[in-house]
Amino acid sequence: MTERLYYDDSYLTGFEARVVERSEDGRRLCLSATAFYPESGGQPADGGWIEGVEVTGAVEEGDRIVHLMAAPVDATEVKGQIDWERRFDHMQQHTGQHLLSAVLELEHGISTVSFHMGHQSSTIDLTALSVEPEQLRLVEEQVNRLAAENRPVRAVMADSSQVSNLRRPAEREGSIRVVTIEGLDHSACGGTHVRSTGEIGPVLLRGTEKVRGNVRLEFLCGMRALRAARRDFETLTEVARLFSAQAEETPALVSAQLAKLQDSEKARRRLAAELAQARGRELYAATPAGADGRRCSFRRLAEGALDEELRAEAQSFTEGPQACYAVALESPHAVLLAVSPDAGVNAGAWMKEMLDKYAGRGGGNARIAQGSLPSADVLEQFWSDLKDRLG
């Protein structure tokens, strides 16, 4: 069994211990005692060094903690050093989560289902259909007021049968560790925590999303919150500078510019469609009729897309009598076929038949159809076959 030194002192950064088990390659160490918190309960493992070698991870295996090393360690008696910046960041996020979950539970009747601490931000999943922006702002203010009260945070070992008023029931019986925020919260938790809520620092609620019927709330505490607020402010300041406006004016200005952009895009699409239609009519007029009376246009494009403009050109071409219009796109491998009603060809039926033959995918209707093909060689075969069939 590994003695967990962080249970008694989350601020402990250095320790000495004995190696009780080591893998053959010396990269997995089990110690008699450790200050390294293993990945557990939504909190990542601590970082740091043992005998100057980086600890890349720490995991629980039964009642032991195994340290994953970047290089072999051969010593029997070792010294460990915790990466304090990482440890304290985790302490701020985890205690901040307890405070946030307590406020949501006590003041808003919303329970926390799970907690995850990421590298950039942390999240909790909540038993709520939604959390409106106004409620989110209120929760954020309540949490920060309580953090500023600098309430003591304590962790003690206790028997689960003797503990009551836990925010969430303990997941096991017997000896458990209870983390308490004075006058506010009692939770069974094995994680590392700050000594008082004031050390959490600012708490910033970033936003919510729906996940499997619950609401996932993203939050940041301490230096993470400060750095994020600074990035947000600098971004907003730059946007305001680009608009030659005050920061508070930018939402209305951005909204107005977005509306103009959408109007411009609609106008561009309309003009592009009109131009494509004109090209189709010109191409029809310049295409001589074959012996069967049909005018067939076969085009090859190196790259692009079978987009609305190309379809508009195809449909305009086939507005004329006895017309067939085909395009082969080399990247990605795709084809489009459009025909006039009197061309004697059902585009959708032809396309389906040929795509089945050449292991392609696609479809369409009697007038216009398109599909994709698995390779350049297959496209060449398809294209040659199509041209032969259309004459």
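A salt bridge is taken here as a side-chain nitrogen of Lys or Arg within 4 Å of a carboxyl oxygen of Asp or Glu. In the predicted model described below, Lys 357 and Asp 385 satisfy this criterion, with their closest N and O atoms 2.9 Å apart. The pair links distant parts of the chain, since Lys 357 belongs to helix H6 (residues 347–357) and Asp 385 to helix H7, 28 residues apart. The two partners differ in their surroundings: Lys 357 is exposed, at 57% relative accessibility, whereas Asp 385 is buried, at 16%.

Across the whole structure, 24 salt bridges were found. Side chains of opposite charge can pair when their charged atoms come close. Helix H7 takes part in a further contact of this kind, between Arg 300 and Glu 380, whose closest N and O atoms are 2.7 Å apart. Because Arg 300 lies in strand E16 and Glu 380 in helix H7 (residues 376–390), this pair ties together parts that are 80 residues apart in sequence. Arg 300 is partly exposed, with a relative accessible area of 33%, and Glu 380 is likewise partly exposed, with a value of 40%.

A salt bridge within a single helix is provided by Glu 265 and Arg 268, for which the closest N and O atoms are separated by 3.0 Å. Both residues lie in helix H4 (residues 250–286), where a spacing of three residues corresponds to about one turn of the helix. Glu 265 is partly exposed at 29% relative accessibility, and Arg 268 is partly exposed at 41%. Elsewhere, salt bridges join Glu 21, Arg 28, Glu 61 and Arg 64 into a network.

Strand E16, which carries Arg 300, spans residues 295–301 and runs parallel to E17, to which it is joined by seven bridges. Within this pairing, Arg 299 of E16 has Val 327 of E17 as its bridge partner. The two strands, together with helix H5 (residues 308–317), make a right-handed β-α-β unit. Beyond E17 (323–329), the loop leading to strand E18 (334–339) contains Pro 332. The peptide bond from Ser 331 to Pro 332 is cis, with omega near -5°.

Unusual backbone geometry was also found in two other loops. Glu 51, although not a glycine, has a positive phi of about 55°. This residue is placed in the loop between strand E5 (48–50) and strand E6 (53–61) and is partly exposed, with a relative accessible area of 38%. Asn 165, also a residue other than glycine, has a positive phi near 65°. Its loop connects strand E11 (153–159) and strand E12 (175–181), and Asn 165 is exposed, with a relative accessible area of 66%.

Strand E6 contains Val 59, a partly exposed residue with a relative accessible area of 26%. Beyond four places in sequence, Val 59 touches Pro 38, Arg 64, Ile 65, Val 66 and Leu 68; among these, Arg 64 is a member of the salt-bridge network. The C-alpha atoms of Val 59 and Tyr 37 are separated by 8.4 Å, with their positions 22 residues apart along the chain.

Arg 177 is located in strand E12 and, at 6% relative accessibility, is buried; the limit applied is under 20% relative accessible area. Residues up to four places away in sequence aside, the contacts of Arg 177 include Tyr 6, Tyr 7 and Ser 10, as well as Ala 155, Val 156 and Met 157. Further contacts of Arg 177 include Ser 187, Ala 188 and Cys 189. By contrast, the C-alpha atoms of Arg 177 and Leu 146, 31 residues apart along the chain, are separated by 23 Å.

Ser 101 lies in helix H1 (residues 84–108) and is buried, at 1% relative accessibility. Outside its neighbours within four places in sequence, Ser 101 is in contact with Ile 110, Thr 112, Ile 124 and Arg 167.

On the surface, Leu 242, Phe 243, Leu 253 and Val 254 make a nonpolar patch of about 320 Å². Of these residues, Leu 242 lies in helix H3 (residues 222–242) and is exposed, at 57% relative accessibility.

Key. Residues are numbered from 1 along each chain as its sequence is written. This is a predicted model: local features need pLDDT of at least 70, side-chain atom pairs count only at pLDDT 80 or more; totals for chains, interfaces and linings use all residues. Side-chain values use heavy atoms; hydrogens and water are left out. Helices (H or I, at least four residues) and strands (E, at least two) are DSSP runs, numbered from the N terminus. Buried means under 20% relative accessible area, exposed over 50%, partly exposed in between (1.4 Å probe, protein chains only). Patches are made of residues with over 30% relative accessible area and no salt bridge: like charges are joined within 9 Å, nonpolar side chains (Val, Leu, Ile, Met, Phe, Trp, Tyr) within 5 Å. Accessible areas come from the Shrake-Rupley method with a 1.4 Å probe; for residues, only the protein chains shown count as cover. Two strands pair if DSSP finds at least two bridges between them. A crossover is right-handed if, with the strands pointing away from the viewer, the path from the first strand over the helix to the second runs clockwise. Contact means heavy atoms within 4.5 Å.
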